[in-house]
Amino acid sequence: MHDNCPECGQKYDLEQGFWYGTGYVSYALAVAISVATFIAWMVLIGVSTEDNRVFYWLAFNGLFLVVLQPWMMRLSRVIYLYFFVSYDENYKQTNPVEFDHKQ
Ligand SMILES: [Zn+2]
């Protein structure tokens with residue numbers, strides 16, 4: 001990942017430990033994906049107390065989240081950065097977003 005945006009020069013890592021917050025975004029995404037796969041599993045395969053189908057979902061979902069991790073990590077960073085830096089159509093004239101305090 002670049003340190004700064006190649007187009008407008010926006011610094012991505014806004015302060016020390018800035019990306020720590022992406023863990024929370026990534027967690028929310030993982031929960032949303034798990035709910036979605038569980039609903040899909042209920043509709044397509046079904047969930048019952050009589051057999052182990054729900055545990056197969058658990059194994060599938062765990063594996064699915066591991067496979068998706070490289071994309072979820074990047075998506076989390078994009079979403080987290082959007083909390084602090086919004087699109088600026090005059091980016092050529094204005095300065096990139098910085099936090100007020102000095103590091
Ligand atoms: Zn940019």
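1. A residue here counts as partly exposed when the number of other C-beta atoms within 10 Å of its own falls between the limits for exposed (12 or fewer) and buried (20 or more). With 15 such atoms, R53 is therefore partly exposed. Please keep in mind as you read on that this is a predicted model.

2. Let us stay with R53 for a moment. This residue is placed in helix α2, which covers residues 53–84. Which residues does R53 touch, once its neighbours within four places in sequence are set aside? The contacts are with I45, G46, V47 and S48. W41 is 12 residues from R53 along the chain, and their C-alpha atoms are separated by 9.1 Å.

3. Next comes helix α1, which takes in residues 22–44. From its first C-alpha to its last, this helix of 23 residues reaches 32 Å, close to the expected 33 Å. Is α1 largely in the open or largely buried? The number of buried residues is 2 of the 23, so α1 lies largely in the open.

4. V31 is a good residue to look at within α1. V31 has 10 C-beta neighbours inside 10 Å, and because the limit for exposed is 12 or fewer, V31 counts as exposed. If you trace back to Q16, you go 15 residues in sequence, while the C-alpha atoms of the two are 27 Å apart in space.

5. How do the two helices meet? Two packed helices are described by the angle between their axes and the distance between the axes. For α1 and α2, the axes come within 8 Å and cross at roughly 140°. That crossing makes α1 oblique to α2, because only angles over 145 degrees would count as roughly antiparallel. The crossing of α1 past α2 is right-handed.

6. Here is who makes that contact. On the α1 side, the residues include T22, V25, S26, L29, A30, I33, S34, T37, F38 and W41. On the α2 side, among them are W57, N61, F64, L65, L68, M72 and Y80. By kind, the residues of this contact divide into 15 nonpolar, 6 polar and 1 charged. R77 of α2 is one of the residues taking part.

7. It is also worth looking at what lies between the helices. Just after α1, G46 takes a positive phi of about 95°. Further along, N52 is found in the loop between α1 and α2. N52 is exposed, with 10 other C-beta atoms within 10 Å. How far is N52 from E89, which is 37 residues away along the chain? Their C-alpha atoms are separated by 54 Å.

8. Finally, follow the chain past α2. H101 lies in the segment after this helix. Is H101 buried or exposed? H101 has 6 other C-beta atoms within 10 Å, so it is exposed. H2 is 99 residues from H101 along the chain, and the C-alpha atoms of the two histidines are separated by 23 Å.

Methods: Residues are numbered from 1 along each chain as its sequence is written. This is a predicted model: local features need pLDDT of at least 70, side-chain atom pairs count only at pLDDT 80 or more; totals for chains, interfaces and linings use all residues. Helices (H or I, at least four residues) and strands (E, at least two) are DSSP runs, numbered from the N terminus. The expected span of a helix is 1.5 Å times one less than its number of residues. Axes are lines fitted to C-alpha atoms, for helices over the stretch in contact, and angles run from 0 to 180 degrees between N-to-C directions. Angles under 35 degrees count as roughly parallel, over 145 as roughly antiparallel, 65 to 115 as roughly perpendicular and the rest as oblique. A crossing is left-handed if the near helix is turned anticlockwise from the far one by less than a right angle, and right-handed if clockwise. Two residues are in contact if their C-beta atoms, placed from the backbone, lie within 7 Å. Ala, Val, Leu, Ile, Met, Phe, Trp, Tyr, Cys and Pro count as nonpolar, Asp, Glu, Lys and Arg as charged, and the others, Gly among them, as polar.
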